[in-house]
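These are my notebook entries on a single protein chain. I set down what I looked up, one topic at a time.

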Amino acid sequence: MNRVKIENINKVLADYFARNKNVKRVRALDMMEEFVKAGIFKSDSERAGLPIRKLLRELDKNNQLDLIPYIVVEQKDKNRNWYFEPIE
């Protein structure tokens, strides 16, 4: 797992929530533009948000979701919804 990438994701999220204090939850895929601007991912894919979702699935598989303290997962019957929330 690329620790630098995770650190940069956390920085982008911290900056985003500092600038948008009224936002209580944002879908992971909606943050892709911010992640691309920061150089974390080269681009988004045709399936919106796929790069961040792949990374989050890998973290989940390795029991490392706690590396991104902003993450919230809603488990559905067939899939998961990934969100980021500000740290309280």
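**Entry 1: Asn-10.** I began with the burial of Asn-10 in this predicted model. Asn-10 has a relative accessible area of 17%, and I count the residue as buried because the cut-off is under 20%. I located Asn-10 in helix H1. I then listed the contacts of Asn-10, leaving out residues up to four places away in sequence: Leu-67, Ile-68, Pro-69 and Tyr-70.

**Entry 2: Ile-40.** I next turned to the loop between H2 and H3, where Ile-40 lies. Is Ile-40 buried or exposed? Its relative accessible area is 8%, so I recorded Ile-40 as buried. With neighbours within four places in sequence set aside, I found Ile-40 in contact with Lys-5, Asn-8, Ile-9, Val-12 and Phe-35. I also looked up Val-4, which is 36 residues from Ile-40 along the chain; the C-alpha atoms of the two are separated by 9.0 Å.

**Entry 3: aromatic pairs.** I searched the whole structure for aromatic pairs and obtained four. One of them joins Tyr-16 and Phe-17: the ring centres are 5.4 Å apart and the planes stand at 75°, so I classed the pair as edge-to-face. Tyr-16 is buried at a relative accessible area of 14%, and Phe-17 is buried at 7%. I noted Phe-35 and Phe-41 as an edge-to-face pair too, with 6.2 Å from centre to centre and 65° between the planes. Both Phe-35 and Phe-41 are buried. Which residues do ring pairs link into a cluster? I found Tyr-16, Phe-17 and Tyr-70; Tyr-70 also appears among the contacts of Asn-10.

**Entry 4: a charge over a ring.** I checked Arg-25 against Tyr-83. Arg-25 lies over the face of the Tyr-83 ring, 4.5 Å from the ring centre.

**Entry 5: helix H3.** I took helix H3 as residues 50-61, which makes 12 residues. From the first C-alpha to the last, H3 reaches 16 Å, close to the 16 Å expected at 1.5 Å a residue. Which residues of H3 are buried? I listed Leu-50, Pro-51, Ile-52, Arg-53, Leu-55, Leu-56 and Leu-59. I then asked what covers these buried residues. The cover includes helix H1 (3-19), helix H2 (32-37), strand E2 (71-75) and strand E3 (80-84). Just after H3, I noted that Asn-63 takes a positive phi of about 60°.

**Entry 6: the sheet.** I recorded three strands in an open sheet, ordered E1-E3-E2, with antiparallel pairing. Strand E1 (26-27) and E2 are at the edges with a single partner strand each, so one side of each has no neighbour in the sheet. How many bridges pair E2 and E3? I found five, in the antiparallel sense. I noted Ile-71 opposite Phe-84 in E3. Finally, I looked up how H3 is placed on the sheet: H3 lies across E2 and E3 and runs at about 100° to E3.

Methods
Residues numbered from 1 in each chain as written. Predicted model: local features only at pLDDT ≥ 70, side-chain atom pairs only at ≥ 80, totals over all residues. Heavy atoms only, no water. Phe/Tyr/Trp six-rings, centres within 6.5 Å; stacked < 30°, edge-to-face > 60°. Buried < 20%, exposed > 50% of the residue type's maximum accessible area, 1.4 Å probe, protein only. Lys NZ or Arg CZ within 6 Å of the ring centre and 35° of its normal. Helix = DSSP H or I, 4+ residues; strand = E, 2+ residues; numbered from the N terminus. Expected span 1.5 Å × (residues − 1). Contact = heavy atoms within 4.5 Å. Pairing = 2+ DSSP bridges. Axes fitted to C-alpha atoms, helices over the stretch in contact; angles between N-to-C directions.
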